[in-house]
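Reader: I'd like to go through this one with you and ask how each label was earned. Can we start once it's on screen?

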Amino acid sequence: MTNKSDLLAEFQLAIIEGDAERAKGAAQKCLDNGITPIEAVEVGMRDGLRIVGEKFEKLELYLPDMILAAEAGNEAMKVLEPAIAASDQRATPPGIVIIGAAKGDIHTIGKNILTMMLKLTGFIVQDLGEDVSATTFLEQARKLNADIIAISSLMTSTMPSQREVINLLNDIHERDKFKVIVGGAPVTQQWADQIGADGYAETAAGGVTLALKLVA
Amino acid sequence: MIDFFEVIKRALTGPYYSEQDFTLKVLVPKLRAIIKKYGIIYDSATPVPSNDQLADDVFRAGVELCAEVGCYCKDTSRVIRFTTDEILEALRDAPSQPFFGEGSDRKAMFARKPESSDPPYCYVGAGGSVVTSEDVFVRLVEGYGRNPLSDSITCPTLTKINGMEIVASSPLELLACIRAVELGRAALRRAQRPGLPIMNSIATGVTATGKIGGSAFGLRNSDCWVVGFTSPLKVQFGRMNEVAYIIARGAQLVGEAGEPMGGFAGGPEGIAVISIVYHILSILVLRSSVHLTFPMDIRYGCNTSWEIMWPISVAAQAMSRNSHHPILNLAYTAAGPMTEMCLYEIAVAMINFVASGGNIEFGGVAKGTSPDRMSPLEPRFATEVAHAAAGLSRAQANEIITTLIPKYKDRLASPPKGATFQECFDWVSIQPCQEYIELYGQIKDELVGYGLKFK
């Protein structure tokens, strides 16, 4: 009989290598051998995705590898989700994040990396792309009942657009419904404090830690 | 070379891809396959390799990748493709020695070669970094103009106009663009260098409207505009609109790209190859007279780490050995002004650029993101090191760089912020404070010990 830890290790490896077909097969094997779907998600998949994030931080893996790992995770979830639904257990995502580049800003790499890392951590993430208006952030956050609105700016001239989102939430008395976090190369903790954001992180990894803290 | 109308036509009618498919299903696999095909392998022990075969292989890999991938137009979701023949023709027909500036400050920028003793063209200033006030803008630019080794100027970015925070795409952006041009010109007149070209057009501008509108208030055809790609290998109509305007007024532009290492292009090998593709697309799509490159280390937000030296060097060697189209290399330091680390980072970047065949832009101090954290002394130091490095062999450059980087590499993740312009310079005379003069002298003396000969 195949060892339980070997099966989980194989699942984890398939995720790390971004092999969607292998990840699906490994997830099925876990279930076939009595591993609970929750354990498969927590140990096989999330730990695999966490390792991918750590390797990215050390430049041992790159952005496309993170994307492939996340896609492998999505494919594996197609096998695991029905089993989770059939059991009494539930794998609860840490939270829902609406993310985008501030109005006027077309730079997306940093935002994309944070998006991937949040997904790897288990967050449900809606990426609104670039040049996103305050009203679009609001509408999408309402629609998905988001926990967090994350806004990036690579240019100083688009930083005021981050404040516009917070001003809008204040003006319509919905500020307490969502946590707002800001980031991007010119953004600082001082700016975040000045505009009344709930948090700021300098790096994508810091952004994940911040998001986890805010939804805890 | 095919004309700009043909480029526009291809942007409108080229093959359709979703943005994600272009990146993940076309670019990434083809880039990885070409790196393998040409046997391009990063050598971590030699940040500045002296390997002509490697440089030429990277060039050929870049040409092949460019023909296979092309440039993605974000507005139409179409790919602007070029054949190998069109690419080679563009490289043959590309400008070779564009002139910039007026009067005694009119000067040509040449394509240098690796190890050349020709002094590099020095494009210096703020690298678009941000300032808190119009006063700081003027005094900084005057300080940049006073450097006798400055061949052209890169102005800072205004964050306020008349005390009002500038909001992108609002009328304040356009007004600030006009103001930035007026202030830049006035500052260079104060520096007694009225003919010195402003080469980054209007850093304050985000939109084509801002840049084009602002240009009408004092930019000359002998200046230069900077127009950039979006990562990876993408262009927007906003930028192509700027190109159309610049061509129509008979002016010139610098095409720019700063691919992050760790992003879609991957590690050092990918950055080296994609840098060649950007350079070719800069000639074809942006119609550039010069190409400016600044790959960034995604971990630190700068390009002075050990690992980023190799792709910068290899790409500069590859292009300069195989093309007459000039290259500018731009540096971003992690540390701020009046720190030993910042000066070491500048020295490392300049020595690498110059020995590898590039001209220099400097630059972004303290990652180019901290308001007022820059002064005229960092670009002055950069130009002096760059001139002193002309004629160094790549092996000599490698030896100096591998000695200097260990002095700061452990601090890249948490670099010292250093001083603001107001803190390290006398505001009235625009001269560095004594502490900074001493530090600058001390590092220059140290570099003399490594074989640099300052003039």
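Author: Sure. In this model, 26 residues of chain B are in contact with 17 residues of chain A. The model is a predicted one, where local features need pLDDT of at least 70, side-chain atom pairs count only at pLDDT 80 or more, and totals for chains, interfaces and linings use all residues. Residues are numbered from 1 along each chain as its sequence is written, with chains lettered from A and ligands numbered from 1 in the order in which they are written.

Reader: What makes two residues count as "in contact"?

Author: Their C-beta atoms, placed from the backbone, have to lie within 7 Å.

Reader: Which classes make up the side of chain B that touches chain A?

Author: That side has nine nonpolar, twelve polar and five charged residues. Here nonpolar means Ala, Val, Leu, Ile, Met, Phe, Trp, Tyr, Cys and Pro, charged means Asp, Glu, Lys and Arg, and the others, Gly among them, are polar.

Reader: On to chain A alone. How do you know whether chain A is as compact as a globular protein of its length?

Author: Begin with the make-up: chain A has nine helices and five strands (DSSP runs numbered from the N terminus, H or I of at least four residues for helices, E of at least two for strands). Its radius of gyration is 18 Å, close to the 17 Å that the globule rule gives for 216 residues, so chain A is as compact as a globular protein of that length. The radius is taken over C-alpha atoms, and the rule is 2.2 Å times the number of residues to the power 0.38. Along its principal axes, the C-alpha trace spans about 60 × 35 × 25 Å.

Reader: Where do the domains of chain A fall?

Author: Domain 1 covers 4-86 and domain 2 covers 96-215, with bounds from an automatic or database domain assignment. Their C-alpha centres lie 28 Å apart. Eleven residues of domain 1 touch seven of domain 2. On the domain 1 side, α3 (37-57) and α4 (63-86) each supply at least two residues, and α3(A) gives the largest share, six.

Reader: What makes α2(A) roughly parallel to α4(A)?

Author: Helix α2 (residues 20-32) of chain A packs against α4(A) at about 30°, with the axes 7 Å apart. That angle is why α2(A) counts as roughly parallel to α4(A). The cut-offs are under 35 degrees for roughly parallel, over 145 for roughly antiparallel, 65 to 115 for roughly perpendicular, and oblique for the rest. Angles run from 0 to 180 degrees between N-to-C directions, on axes fitted to C-alpha atoms over the stretch in contact. The residues of α2(A) that meet α4(A) include Ala20(A), Ala23(A) and Leu31(A).

Reader: And why are α3(A) and α4(A) called roughly antiparallel?

Author: They pack at about 175°, with axes 10 Å apart. α3(A) and α4(A) are therefore roughly antiparallel. By class, this contact has 15 nonpolar, one polar and one charged residues. Among them are Met45(A) and Phe56(A) of α3(A) and Leu80(A) and Ile84(A) of α4(A).

Reader: What makes α5(B) oblique to α6(B)?

Author: The axes of α5 (residues 134-146) and α6 (residues 171-190) of chain B come within 8 Å and cross at roughly 45°. That makes α5(B) oblique to α6(B). Phe137(B) and Val141(B) of α5(B) are among the contact residues, as are Leu183(B) and Ala187(B) of α6(B). This contact has seven nonpolar, two polar and four charged residues.
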